[in-house]
Amino acid sequence: MNLEERIAAVEARIKEATATTTEALEAFRVEMLGRNGKVTGLLDELKQVPVEEKRVWGQRLNQLKTAAKQRLDELQDGMAKSSTGPQETGDATRPSLTEASGSLHPISIIRQRIVDVFARIGYTVSQGPEVEDDHHNFGALNFPPDHPARDMQDTFFVEGDAQRNGSGDLALRTHTSSVQVRVMEGGQPPIRTISPGRVYRNEAISARAHCMFHQVEGLYVDKGVSFAELKGTLDHFAKSMFGTDVKIRLRPSYFPFTEPSAEVDMSCTICAGKGCAVCKHSGWVEIMGCGMVDPAVLTNCGIDPGTYSGFAFGMGVERIAQLIYRVPDLRLYWENDVRFLDQFADGAFRG
Ligand code: PHE
């Protein structure tokens with residue numbers, strides 16, 4: 001028999017091989033691939049083949065070796081499938097492996113809770129662009145052209161696109177009051193809306209500050225809206241969010257777009273007003289800014305201040321979350337470490 005005939009014979013033997021026991025399988029392996037095996041023997045013969053034929057026979061013999069190995073694998077698989085025994089079938093009563101599912105981000109959970117409080121008393125939700133022009137972020141809101149809040153310290157300016165934007169004076173919005181300008185420009189009162197969203201300020205990132213954070217700002221404009229209604233609304237918010245025991249107080253403050261303006265403090269939920277590190281031993285924590293919409297702002301947005309008045313307020317979602325979750329470092333929110341994020345799944349976190 002020449003080499004090809006002998007290869008073909010071994011090939012045929014490989015194809016018809018069977019094995020139902022481990023011993024038979026091992027015998028087949030030795031017969032083909034063992035030290036004195038048929039395939040091993042043929043591969044040895046390659047040495048005697050003339051140089052110019054070595055490549056062709058080398059390939060042919062390698063195929064044979066692969067075929068033998070494949071057959072060995074097939075026989076092994078077949079044995080595993082056909083054998084029945086308690087080890088192979090597994091324990092059908094074991095609980096199945098559960099797929100890990102994602103969960104809402106803690107900031108999303110708190111933002112949604114804030115939105116829900118206002119949605120229940122008739123506020124709509126409005127949204128606007130994060131890259132904003134000077135008019136909506138500052139101008140219409142009564143910021144004088146040289147107001148320090150427009151300064152490079154606070155605002156991320158964006159390379160202007162004069163063709164698309166006219167003036168090319170773009171920036172990342174520093175508050176969502178810009179959305180309220182858009183709502184007022186878009187329609188007449190009554191307006192009752194909140195604007196949740198991301199805002200950006202040029203701050204050094206630390207445990208207490210970040211260059212990106214979230215706000216929920218609110219606006220109510222109608223005939224005869226009063227400061228008393230503002231206070232009542234915010235009291236309702238604080239009690240809905242933190243429990244009926246909390247109190248709020250308003251301190252005079254300044255914003256270019258509201259007059260009068262106030263900062264809102266809430267009795268510290270952590271020490272119940274007794275004094276602790278979070279409230280710096282004052283018993284009060286600041287939770288937002290607010291005020292009556294400046295008549296000049298109404299005029300800028302096409303609303304007649306002779307007929308209408310309104311109030312506005314704005315809070316940081318991270319600040320509210322801090323009072324509920326007491327996360328010691330703001331940066332944890334944005335590291336996307338599942339060990340941190342998992343704690344808030346299904347409202348499981350207990351602050
Ligand atoms: N826009 C203010 C800020 O970003 C918050 C605010 C909103 C204050 C509405 C008063 C009225 O800080």
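**Exercise 1.** Find which residues T176 is in contact with, leaving aside its neighbours within four places in sequence, and decide whether T176 is buried or exposed.

*Solution.* Contact is taken as heavy atoms within 4.5 Å. With neighbours within four places in sequence left aside, T176 is in contact with S195, P196, G197, V199, Q215 and E217. As a next step, place the residue along the chain: T176 is in the loop between β4 (170–172) and α9 (177–186), where helices (H or I, at least four residues) and strands (E, at least two) are DSSP runs numbered from the N terminus. Finally, the relative accessible area of T176 is 0%, so T176 is buried, a term that means under 20% relative accessible area, with exposed being over 50% and partly exposed in between (1.4 Å probe, protein chains only).

The model is predicted, so local features need pLDDT of at least 70 and side-chain atom pairs count only at pLDDT 80 or more, while totals for chains, interfaces and linings use all residues. Residues are numbered from 1 along each chain as its sequence is written, and side-chain values use heavy atoms, with hydrogens and water left out.

**Exercise 2.** Work out the order of the three strands in the open sheet and identify its edge strands.

*Solution.* Two strands pair if DSSP finds at least two bridges between them. The open sheet runs β2-β4-β3 with antiparallel pairing; its edge strands, each pairing on one side only, are β2 (131–133) and β3 (157–158). Between β2 and β4 there are three bridges in the antiparallel sense, and V131 has L172 in β4 as its bridge partner.

**Exercise 3.** Describe how β7 joins and pairs with β8.

*Solution.* A hairpin of two residues joins β7 to β8. Strands β7 (residues 248–255) and β8 (residues 258–267) then pair in the antiparallel sense over seven bridges, and the bridge partner of R251 in β8 is E263.
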